[in-house]
Amino acid sequence: MDINIGQGISDAWRMIATFVPRLVAFLVVLIIGWIVAKVLEKIVDKVLERVGFDRAVQRSGVHRWLERSQYDASSLVARIVYYAIILVTLQIAFSVFGPNPISALLTAVVAWLPMVIVAIVIVVVAGAIARAVGDIIRSALGGLSYGRFLAIAAEVFIWALGIIAALNQIGVATAVTIPVLIAALATMGAIAAI
């Protein structure tokens, strides 16, 4: 059995020579991505505060979910943007090493992120619409004994539609939420027809 030590050392140096530049590129991508993520987090937070996003969230009633949190609505969205950029950075950084399971997982998560952002927007808009409809019904039917009940029922129904739409957007439990949505709409149609 002839052992070629020279070939083994040559192979080891070749592996090191190909790995070190990839490692350096990986670290450079991580550092640049982290800096970009921090800058974008601050920009998104300032822009959302300027356009009145916090007021819109407060009107929608979603702010109650954030009362015990250390974030307000705009800083929470900015933090989500930060983590999204970090995930994209990790995806790019791990792709430096070629195809690998971590890169494939990060690619799937990054592809899912836009759907999460749309789902958050759907919930905020549904909350604002539910609050507005509830206020309109309360003011229109406030003198009737069932006016408050109708306002609450309308708010709950709109919230349910918004949550079902958000869950469908992110692909969670579509086998359950779509039949529930169809049943609720059919029930509302039957009530309106009767």
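This is a short talk about the salt bridges in one protein model, and about one of its helices.

Okay, hi everyone. Before anything else, keep in mind that what you see here is a predicted model. I'll start with charged pairs. The general idea is simple: side chains of opposite charge can pair when their charged atoms come close. In this structure there are 4 salt bridges, and I'll walk you through some of them.

Let's begin at Glu41. Which residue does Glu41 pair with inside helix H1? That's Lys38, and the closest N and O atoms of the two are 3.8 Å apart. Both sit in H1, which covers residues 5-50, and because they are 3 residues apart there, about one helical turn separates them. If you're wondering why that spacing suits a pair, remember that an α-helix has 3.6 residues a turn, so residues three or four places apart point the same way.

Now, is Glu41 buried or exposed? Glu41 has 13% relative accessibility, so it counts as buried, the cut-off being under 20%. Lys38, at 29%, counts as partly exposed.

Glu41 has another partner, too. Arg79 forms a salt bridge with Glu41, and here the closest N and O atoms are 3.0 Å apart. Arg79 lies in helix H3, residues 73-95, while Glu41 is in H1, so this pair ties together parts that are 38 residues apart in sequence.

Over to another pair: Arg138 and Glu155. Their side chains meet in a salt bridge, with 2.9 Å from N to O. This one also links distant parts of the chain, as Arg138 is in helix H4 (residues 101-141) and Glu155 is in helix H5 (residues 147-170), 17 residues apart. Arg138 is partly exposed, with a relative accessible area of 31%, whereas Glu155 is buried at 16%.

Going back to the earlier trio for a second: Lys38, Glu41 and Arg79 are joined into one network by salt bridges that share partners.

Last stop, helix H5, since Glu155 brought us there. How many residues does H5 have? H5 has 24, and from its first C-alpha to its last it reaches 35 Å, close to the expected 34 Å. Several H5 residues are buried, among them Ala151, Ala154, Ile158, Trp159 and Gly162. And right after H5 comes Gly171, which has a positive phi, near 80°.

That's my tour. Thanks, everyone!

Conventions
Residues are numbered from 1 along each chain as its sequence is written. This is a predicted model: local features need pLDDT of at least 70, side-chain atom pairs count only at pLDDT 80 or more; totals for chains, interfaces and linings use all residues. Side-chain values use heavy atoms; hydrogens and water are left out. Helices (H or I, at least four residues) and strands (E, at least two) are DSSP runs, numbered from the N terminus. Buried means under 20% relative accessible area, exposed over 50%, partly exposed in between (1.4 Å probe, protein chains only). The expected span of a helix is 1.5 Å times one less than its number of residues.
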